[in-house]
Amino acid sequence: LSVHQPEQRARWERKRSRTAKELLETEHKYLEQLDLVVTFFVTILKAKGTLKPALLETIFGPLESIYSASHVLSLHLERGNLGSGLENFYQNLELYGHYAENLEQANKTLREQLRKNKSFRRFKKLQEARPQFQGRKLEDLLPLPLQRLNQYIKCNKYSFVITSEYTAIISEAVKSVSEVSQWVQDIIHKRENSLQLLRVQKLLKGQKTQVFTPGRWYIREGWLLVVPSKGGELKRRMFFLFSDIFIETKPCHPLHLLNSNKLACQAVYPLHQCVVDKVFGHTQSQGGLLSLSFPHKTLLLMSSDQQDINDWYQSLTAAMMNAQENCI
């Protein structure tokens with residue numbers, strides 16, 4: 001083993017040096033892009049007063065502080081002070097979480113101001129025409145901090161960069177990046193869920209069925225055949241599964257003036273009172289049948305695609321168990 005130790009150490013040093021160089025290069029590129037927003041937008045807008053301070057704060061959030069923190073990190077990296085650079089940087093990581101929380105409102109306010117404020121609209125167009133922007137728009141640059149945070153977490157290369165005396169600092173930095181990244185992912189997940197709830201709400205005819213409810217999560221949707229309890233024709237229905245309810249809908253009449261592209265709600269089933277069973281579905285050819293039992297009704301759902309019915313069974317069972325646990 002001792003024979004291989006020097007070459008192992010040399011290999012480790014090469015890897016460490018290469019990763020440190022890569023981290024510094026990508027940090028420089030990131031800073032250059034952030035600098036475009038800070039220099040040509042934030043600083044000038046503050047001086048000109050084109051936007052009120054509150055609007056500036058909403059659109060750009062803690063971007064200047066994020067820029068400063070990265071600038072300090074790159075200075076430390078240039079001087080080889082990796083440990084102290086990262087120690088300082090991970091103390092500022094919370095800024096990324098606050099930035100993510102604000103981004104949706106930032107984009108909304110930006111769109112509003114571009115619509116209402118003629119001088120801001122003209123100013124933005126002039127700034128984006130500068131050669132430094134290389135055809136990029138402000139909207140392309142605002143998500144940069146979140147993209148950079150993803151790079152930090154994906155690379156997770158800090159552990160290679162630091163020599164043994166910085167082990168405690170580095171593990172703290174990696175932990176901080178992971179925590180903030182999770183925080184940001186949760187914000188994005190909630191935002192995507194809200195968009196799904198709004199989309200389904202708009203698909204439904206009228207406002208009787210309230211889909212958009214705090215704490216509700218969208219799970220899945222799809223067409224299934226309803227088997228009538230007293231015989232008769234199978235009915236093709238669109239179903240929406242959420243964390244607490246299961247909605248059955250059917251298409252509105254195609255010739256209806258207002259609702260031809262909408263769905264009419266047929267029933268809303270509470271999952272905390274549901275029992276799901278597979279009736280059959282063991283052979284590939286025959287698809288499958290699900291039985292959903294509620295206090296006052298049993299719903300038989302069929303699909304000719306066995307994989308589809310298996311997926312529905314798993315999704316419904318998991319959602320039902322969660323809904324029942326939350327009711328306890």
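In this predicted model, Tyr99 is located in helix 5. With a relative accessible area of 2%, Tyr99 is buried, because the cut-off for that class is under 20%. When residues up to four places away in sequence are left out, Tyr99 touches Phe60, Pro62, Leu63, Ile66, Leu142, Pro145 and Leu146. A further link across the sequence is seen between Tyr99 and Pro143: these residues are 44 residues apart along the chain, and their C-alpha atoms are separated by 9.3 Å.

Tyr99 also takes part in the packing of helix 5 against helix 3. Helix 3 covers residues 63-79 and helix 5 covers residues 94-116. The axes of these two helices are 10 Å apart, and the angle between them is about 150°. Angles over 145 degrees count as roughly antiparallel, and helix 3 and helix 5 are therefore assigned to that class. The crossing of the pair is left-handed. On the side of helix 3, the residues in contact are Leu63, Ser65, Ile66 and Ser70; on the side of helix 5, they are Leu95, Tyr96 and Tyr99. Sorted by class, this contact between helix 3 and helix 5 has five nonpolar residues, two polar residues and no charged residues.

Helix 3 packs against helix 4 as well. Helix 4 consists of residues 82-90, and its axis is 8 Å from that of helix 3, at an angle of about 170°. This angle makes helix 3 roughly antiparallel to helix 4. Helix 3 contributes Ala69, Ser70, Val72, Leu73, His76 and Leu77 to the contact, and these residues meet Leu82, Ser84, Gly85, Leu86, Asn88 and Phe89 of helix 4. The residues of this contact divide into seven nonpolar and five polar, with no charged residue. Ser70 of helix 3 appears in the contact with helix 4 and also in the contact with helix 5.

Two residues of helix 3 were examined individually. Leu77 lies in helix 3 and counts as buried, at 9% relative accessibility. Apart from residues up to four places away in sequence, Leu77 touches Leu23, Leu24 and Leu82. Of these, Leu82 belongs to the part of helix 4 that meets helix 3. Leu77 and Leu23 are 54 residues apart along the chain, while their C-alpha atoms are separated by 8.4 Å. Ser74 is likewise placed in helix 3. The relative accessible area of Ser74 is 2%, and this residue is buried. Ser74 touches Leu24, Glu27, His28 and Leu31, again without counting residues up to four places away in sequence. Leu24 is thus listed among the contacts of Ser74 and among those of Leu77.

Helix 5 has another contact, with helix 6. Helix 6 is formed by residues 118-128, and the axes of helix 5 and helix 6 come within 6 Å and cross at roughly 110°. Because angles of 65 to 115 degrees count as roughly perpendicular, helix 5 is placed in that class relative to helix 6. Leu110, Gln113, Leu114, Arg115 and Lys116 in helix 5 are in contact with Lys118, Phe120, Arg121 and Lys124 in helix 6. This contact has three nonpolar residues, one polar residue and five charged residues. In contrast, the contact of helix 3 with helix 5 has no charged residues.

The loop between helix 6 and helix 7 (138-141) contains Gln134. Gln134 is not a glycine, yet its phi is positive, at about 50°. Gln134 is exposed, with a relative accessible area of 66%.

Among the strands, Thr249 was considered. Thr249 is part of strand 3, which spans residues 245-251. The relative accessibility of Thr249 is 0%, and the residue counts as buried. With residues up to four places away in sequence excluded, Thr249 touches Leu204, Arg237, Met238, Phe240, Leu263, Ala264, Cys265 and Gln266.

For the protein as a whole, eleven helices and seven strands were assigned. The protein has 328 residues, of which 41% count as buried. Among contacts between residues at least 6 apart in sequence, 60% join residues at least 24 apart. The protein exposes about 19000 Å², and carbon and sulfur atoms supply 53% of this area.

Note on methods:
Residues numbered from 1 in each chain as written. Predicted model: local features only at pLDDT ≥ 70, side-chain atom pairs only at ≥ 80, totals over all residues. Heavy atoms only, no water. Axes fitted to C-alpha atoms, helices over the stretch in contact; angles between N-to-C directions. Helix = DSSP H or I, 4+ residues; strand = E, 2+ residues; numbered from the N terminus. Parallel < 35°, antiparallel > 145°, perpendicular 65-115°, else oblique. Left-handed = near helix turned anticlockwise from the far one by under 90°. Contact = heavy atoms within 4.5 Å. Nonpolar A, V, L, I, M, F, W, Y, C, P; charged D, E, K, R; others polar. Buried < 20%, exposed > 50% of the residue type's maximum accessible area, 1.4 Å probe, protein only. Areas by Shrake-Rupley, 256 points an atom, 1.4 Å probe, with all protein chains shown as cover.
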